[in-house]
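Hello! I am passing a structure on to you, and I hope you enjoy looking through it. Please open it first, and then read my notes beside it.

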Amino acid sequence: MFYRETGQFKTTYQADQAVFPIRQDRIGIAIILLLAFAGVPLLASEFAISSFFIPVLVFSLAAIGLNLLTGYTGLLSLGTGAFMGVGAYGGYKLATWFPDVNILIPILASGFVSAAVGVVFGLPSLRIKGFYLAVATLAAQFFLSWCFVRIPWLVNYNISGAIEVPTRTLFGIPITGPNATATTRYLVTLSIVVLMTWLASNLVRGRIGRTWMAVRDMDLAAELIGIRLYRTKLLSFAVSSYFCGVAGAMMVFLWFGSSEADTFSINQSFFILFMVVIGGLGSLVGSFFGAIFILGTPIVLRALPGLFGLSIPAATVEHLTFMVLGALIIFFLIVEPHGLARLWQIGKQKLRVWPFPY
Amino acid sequence: MHVKHLALGAIVAAGFAATVMATKAEAQETIYVPLMTYRTGPFAGSGTPIANGMHDYLSMLNERDGGIGGVKLAIEECETGYDTKKGLECYEQVKGKHPVLTNPWSTGITLGLIPKASVDKIPILSMAYGLSASAVGNDFPWVFNPPATYWDGLSMIFRYIGGKEGGLDKLKGKTIGFIFFDGGYGREPIPLLEQYAKDYGFEVKLYPVPAAEMQNQSGLWLNVRRDRPAWMVMWGWGAMNPTAVKEAARINFPMDKFVSIWWGSGEDDARPAGAEAKGFTALNFSAVGANFPAIQDIVKTVVDKGKSQTPKEKVGESHYNKGVYNSVMIAESIRNAQKLTGKKIVTGEDVRRGLETMNITAARWKELGLPEFGSPLAVSCADHNGHQAAYVMQWDGAKWSKVSDWISPMKEKVTPLLDAAAADYVSKNQPWPKRTEPCDKAS
Amino acid sequence: MDMLYKIFLDPFVQMASAPDLLVQTLWEGLVSGVLYALIALGFVLIFKASGVFNFAQGIMVVFAALTLVGLHAMLRDWGVSSGTAAAYLALALTVAVMFGLAFTIERLVLRPLVNQPDIILFMATFGMTYFLIGLGELVFGGEPKLMIADDLHLPRGAIDVKMLGGFVSFQKIDIAAAAIASIMVAGLALFFQKTRIGRALRAVADSHKAALSVGISLEQIWVVVWFAAGIVALVTGIMWGARSNVSFALEVIALKALPVLILGGLTSIPGAIVGGLIIGIGEKLGEFYWGPLIGSGIESWLAYVIALLFLLFRPQGLFGERIIERI
């Protein structure tokens, strides 16, 4: 009823190809952005911001990065965690080399370091496909993890073997380090994520995105119609790693405040793959849904016994959380293998034809 | 399809709603002591007994004395799984409930919390782990890591080795192997080890065990067999320890020349190798066994009443007692804080002062019902560690027994390293806050 | 120059000068290789029959071993006086549990997900991993347990053989592991070559549709292969558990089966075995002779690099079916 495009005429190709061609969508996204930029900082508790909203944003960005590679180009990667690590350590090195430069620049530039590394580890993709490639990317994961521990230069020879984020300011307000409030860090994270999501959405619907999808659907056929496979695949690795790298840098600078090599372990990679698949392969909005689902579910499950006034030992809650999360993942895959993004689409379609069922 | 999708939507929406309404703490007339523990994950083997010990001692104070100074303790565990992300989440969760201190129980979490401590006014008690440099109280007024740092531990192990060899200079020309968890924790002692190697003219061989290979060490131990070190020193954790002990037995390494830091001193570290582990030694700073009045009180008032997750036969085990040691420090600092401020309900700021004036003498240990449980422990404003003595114990095939006196660390070697490390940390984290907290006289 | 010498000559000089250590290294590599091969075998069976890349194989190893040890402890508590009897009773019960697990997985996970893309099935096995971690810790507790090696009458101790100017120590448990693994592999190979179900499995592996059309029950085949994978997991769990202990950290060891798998080819049983041996021996040799050059502890990624090198020349693995692509 209220979600209907009747009467909205497009008179230019530009208007027809806009990211949000329907007016209601534009209003919707404006409301969501308003809520994210104003609603959350005003209404949410500090715990919710620092333990839910910031992680969701960071992981959404990483999931978008992996989605560009796996969902759009069809290359399965299990090395996301390591590429995030490259971004984190790269950002740290840049921030210590240029202490006077605005901290946002190292964070955004860290992605280029991880893009370069991503291209190197993407080289086998020219020859290896499918699960073989997935296992090959594990080589990147384990090798890079080893480097993070073994190369003290990466952590500026800190004896603790970890990196610590110093306080840096933007317009006189601290945005990193212990003095930055959760709200400031949230707003900075949100701005970067919104910017990069906008970038990604334009990338995937343009020429580059279309070549990626052609390669995903059948790389041999794509080659025959004149797409240069090696360039397309490596570009996908580079862009994907760029996103993951920035996410990794944000994770350390705007969320953790410090980091050990252990943070970027293989579990991190699996975690992000979960988000991409649960959210929906080949969908940017799905990446957000996936992150919200995977991060939100354990928090909710942990809070549930308290809400019902039950006192269950913390460890038992943790075990149950694992079980329920595992079962929910299987459940979602069974009812909707195309992910939460597909549910979202179905919902929109229903709204569009409402009150008719079809 | 329709109903299914609606149901799905409802689940997602409910999830959202519950997340935003994050649980708010209720203010009560209690002292809130959160315990970050890990009873799950690959390190659960070491984490569970420690969690039990910490929890049981504090519960015992509640049951026996009605808390501390007449105020009950609100004890709450938060499961970290030894995972930094979950640990930080735990911290954010408990922060709103005015905790008097935090026990991160993981080096990664500790490092993440150190810069936050002074901002949030919540002191960190990282018992013999975490950042060694945080022993320098003038740079880290909010962080405490008694009773000893890893560097102290290494120097005590060398005192012990020196005693067995008849002087450390007898090590000249020999080889010492160092097997360690390949991470910040295991790598920390290396600078001091290399300095010793220079001072006493022995060769160091490093055997790092990556986290993913904790139970797959046979390749490394072949290297040990080739290099024939005179002594092996271990800095391990979790499943790495029992595997290392077993592998050492497999290559017929003389077990009495295999010394572990205190985190390898659990019963579960030596037990899997059984009789083959006979002779394995480990450094420890708390006594083993349940023959202490206070621990008997735990059994009586907590374990026997079914208020604990500890099986009765595990009370008094090595790691369990370390948990108790940790809780004794918590209790003492709260008691000191109450004495210093005259308040009953103390805050994080008060407990920081309480920690800084902590002084557990031999007489005080006895008063606590734990005679000879640990060496006397004194912390000061400048020294947040104490550099207390530890002892070496040996596995006889079924249990640990003490085989050395209390060994004190070589402070003269450790202090310069600590000061340098603290200065390094501060310079790399500029602007680091200057200490403004005044120093209390010990009560 | 010095570096080149250390990389290309010194290791071989060492091998020649201490041949006993070389033999020992090869033996250690062989033993871990056999165990890797055993885990990889579980993967291959499932992949062949159902096209599922079963990530849960690792946790199945832990779960099977935990169930065995946990049931043993329970039986002892309930008054089974003889440790041996309890051990073998627990073993039988664990086999039953693994069958139940296979049945449940087929019923609740595989059947509803039939004909979904590979990655969806792959993710579903992640879901199973989480579920089994939670369940295992909830029922048996998270702390590491001792493998009941003595009650199962697994041999203890070592045989030291004097040879080549030194000695080589063969752990009895390793000999047993190698022997049992070989018997299992042979048995499984025989089972799938000679029996009716085995033939049906090979038919399913060739083409699901064709197999269905000649009246082969896919469901039955799936239960059988998941059960077989469960048994393989149990044996692996016992052997690896006896070498250190049974804890959740064992799960990561199973990841080592992945390079084995791609090296040998995802669909090949002989590939899993040969791949396991190459990875096992290559890893130990690399760690022992070349590891110290870059600070030791390189086993975590060496296996992947070895596999990757092979893959660059044969993208389908050593024994994998040739990938033919058509437009």
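Below is what I found, going from whole chains to single residues.

First, some housekeeping: this is a predicted model, in which local features need pLDDT of at least 70 and side-chain atom pairs count only at pLDDT 80 or more, while totals for chains, interfaces and linings use all residues. Residues are numbered from 1 along each chain as its sequence is written, and chains are lettered from A and ligands numbered from 1 in the order in which they are written.

Let's start with chain C. It has 14 helices and two strands; these are DSSP runs, numbered from the N terminus, with H or I and at least four residues for a helix, and E and at least two for a strand. Its C-alpha atoms fill a box of roughly 65 × 65 × 35 Å along the principal axes. What radius of gyration does chain C have? The value is 21 Å, which agrees with the figure near 20 Å for a compact globule of 327 residues. (The radius is taken over C-alpha atoms, and the globule rule is 2.2 Å times the number of residues to the power 0.38.) Of those 327 residues, 54% count as buried. Buried means that 20 or more other C-beta atoms lie within 10 Å of the residue's own, exposed means 12 or fewer, and partly exposed is in between, with C-beta atoms placed from the backbone.

One residue to find in chain C is Trp290(C), in helix α13 (residues 269-290). Trp290(C) is partly exposed, because it has 16 other C-beta atoms within 10 Å. Lys6(C) is 284 residues away along the chain, yet the C-alpha atoms of the two are separated by 8.5 Å.

Next, look at where chains A and B meet. The contact takes 44 residues from chain A and 45 residues from chain B; two residues are in contact if their C-beta atoms, placed from the backbone, lie within 7 Å. On the chain A side, the elements that each supply at least two residues include α3 (46-72), α6 (130-150) and α12 (284-307). That side divides into 22 nonpolar, 18 polar and four charged residues. Here Ala, Val, Leu, Ile, Met, Phe, Trp, Tyr, Cys and Pro count as nonpolar, Asp, Glu, Lys and Arg as charged, and the others, Gly among them, as polar.

Helix α8 (residues 207-217) of chain A is a good one to rotate on screen. Which of its residues are buried? They are Thr211(A), Trp212(A), Val215(A) and Arg216(A). These cover an arc of only 145° around the axis, so they sit on the same side of α8(A); the arc is that of the directions from the helix axis to the C-beta atoms. On the other side, Arg207(A) and Asp217(A) are exposed. What covers the buried residues includes α3, α9 (219-224) and α10 (229-256) of chain A.

Finally, chain B is divided into domain 1 (31-148 + 288-388 + 419-428) and domain 2 (150-284), with bounds from an automatic or database domain assignment. Their C-alpha centres lie 28 Å apart. The contact between them takes 13 residues from domain 1 of chain B and 17 residues from domain 2 of chain B. On the domain 1 side, α2 (44-65) and α12 (318-341) of chain B give two or more residues, and α2(B) has the largest share, with three residues.

Happy exploring!
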